[in-house]
Amino acid sequence: MFDYRNKRRYHLVWLAIYTILFGWLTFLVAQHSPVITALDRTIQGWLIPLTNPQVTKVVVFLTNLGSPTMGVILGLIVCITLLLLHNRATFLWGAVFLISGNLINSIVKHIVHRTRPSDKLVPQGGFSYPSGHTLSTGLLVMLLLALIVSQIHNRAVHDLLVCLGYLWIVVIALTRIYLHVHFPSDTIGAGLLLGIIWNVTLLCYPYHQFQ
């Protein structure tokens, strides 16, 4: 029997954890904390030795695949396909999840008002925190994991796809740091915000409907 009560408690706990961490990080970023500055510079320093024109071309290609526009388009294609094959509720849930997630990210950006790094390798406007590419990619990956990958009964294949999904989020986050269009803390903030949105979503929409 499906134990919805335990699942709800599980998501409430993780929602609290993500919310506390995101709130703490956002406060430090807004206050221009030396701790965050040191963290950002350290992580950025790890990628500097890799910087060259050939790598940059590949990174630009990859990062474009993780743009918020691309994420919403691909996500809506998945939702529409499921609408044709499945039901209206799934389509509406997926569309609201994608669009509201990206909207929340935009709102937070304008509240925090963080300026992007000054040494960008490619042109990029707007504010920096949190990373829209990272969050949008995360929203798309979680959508695919919930609505498609969860239906795969082969455990090895299922786990491989889950790992690849999480790896893709990390790759997009690293491309943003490499290109110096985001600070590392921007991508960390996006990951924490994704955790908040995801757990709120599963609290509002019964988790067992993905099983």
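## Salt bridges and helix packing in a predicted model

Colleague: How much of helix α8 is buried, and is the helix enclosed or open?

Modeller: This is a predicted model. Helix α8 has 21 residues. It is largely enclosed by the rest of the structure, because the buried ones number 17 of the 21.

Colleague: What span does α8 reach from its first C-alpha to its last?

Modeller: At 1.5 Å a residue, 30 Å is expected for α8. The model comes close to that. The span from first to last C-alpha is 31 Å.

Colleague: At what angle do α2 and α8 pack, and is α2 roughly parallel or perpendicular to α8?

Modeller: The axes of α2 and α8 lie 8 Å apart, at an angle of about 105°. Angles of 65 to 115 degrees count as roughly perpendicular. Therefore α2 is, relative to α8, roughly perpendicular.

Colleague: Which residues of α8 make the contact with α2?

Modeller: From α2 come I36, L39, D40, I43 and Q44. By class, the contact has five nonpolar, two polar and one charged residues. On the α8 side, the residues are P184, S185 and I188.

Colleague: How many salt bridges does a search of the whole structure find?

Modeller: R114 pairs with D40 at 3.0 Å, N to O. R114 also forms a salt bridge with D186. D159 and R155 form another. The search of the whole structure finds three.

Colleague: Where in the chain do R114 and D40 sit, and how many residues apart are they?

Modeller: Their side chains meet in a salt bridge. The pair links distant parts of the chain. R114 is in the loop between α5 (88–112) and α6 (132–147), while D40 is in helix α2 (residues 34–47). The separation is 74 residues.

Colleague: How far apart are the closest N and O atoms of D186 and R114?

Modeller: D186 belongs to helix α8 (residues 184–204), and R114 to the loop between α5 and α6. They are 72 residues apart, so this pair too links distant parts of the chain. The closest N and O atoms of their salt bridge are 2.7 Å apart.

Colleague: Which residues are linked in a network of salt bridges, and are they buried or exposed?

Modeller: Buried means under 20% relative accessible area. R114 has 13%, so it is buried. D40, at 2%, is buried, and D186, at 0%, is buried. The network links D40, R114 and D186.

Colleague: Why are D159 and R155 separated by about one helical turn?

Modeller: An α-helix has 3.6 residues a turn, so residues three or four places apart point the same way. D159 and R155 form a salt bridge, with the closest N and O atoms 3.5 Å apart. Both sit in helix α7 (residues 155–178), and the turn follows because they are four residues apart.

Colleague: Are D159 and R155 buried or exposed?

Modeller: Over 50% relative accessibility counts as exposed. D159 has 31%, so it counts as partly exposed. R155, at 59%, counts as exposed.

Colleague: Which residues does L82 touch, not counting those up to four places away in sequence?

Modeller: L82 lies in helix α4 (residues 68–85). Its relative accessible area is 13%, so L82 is buried. Beyond those sequence neighbours, L82 touches N87, T90 and L147.

Definitions and conventions: Residues are numbered from 1 along each chain as its sequence is written. This is a predicted model: local features need pLDDT of at least 70, side-chain atom pairs count only at pLDDT 80 or more; totals for chains, interfaces and linings use all residues. Side-chain values use heavy atoms; hydrogens and water are left out. A salt bridge is a side-chain nitrogen of Lys or Arg within 4 Å of a carboxyl oxygen of Asp or Glu. Helices (H or I, at least four residues) and strands (E, at least two) are DSSP runs, numbered from the N terminus. Buried means under 20% relative accessible area, exposed over 50%, partly exposed in between (1.4 Å probe, protein chains only). Contact means heavy atoms within 4.5 Å. The expected span of a helix is 1.5 Å times one less than its number of residues. Axes are lines fitted to C-alpha atoms, for helices over the stretch in contact, and angles run from 0 to 180 degrees between N-to-C directions. Angles under 35 degrees count as roughly parallel, over 145 as roughly antiparallel, 65 to 115 as roughly perpendicular and the rest as oblique. Ala, Val, Leu, Ile, Met, Phe, Trp, Tyr, Cys and Pro count as nonpolar, Asp, Glu, Lys and Arg as charged, and the others, Gly among them, as polar.
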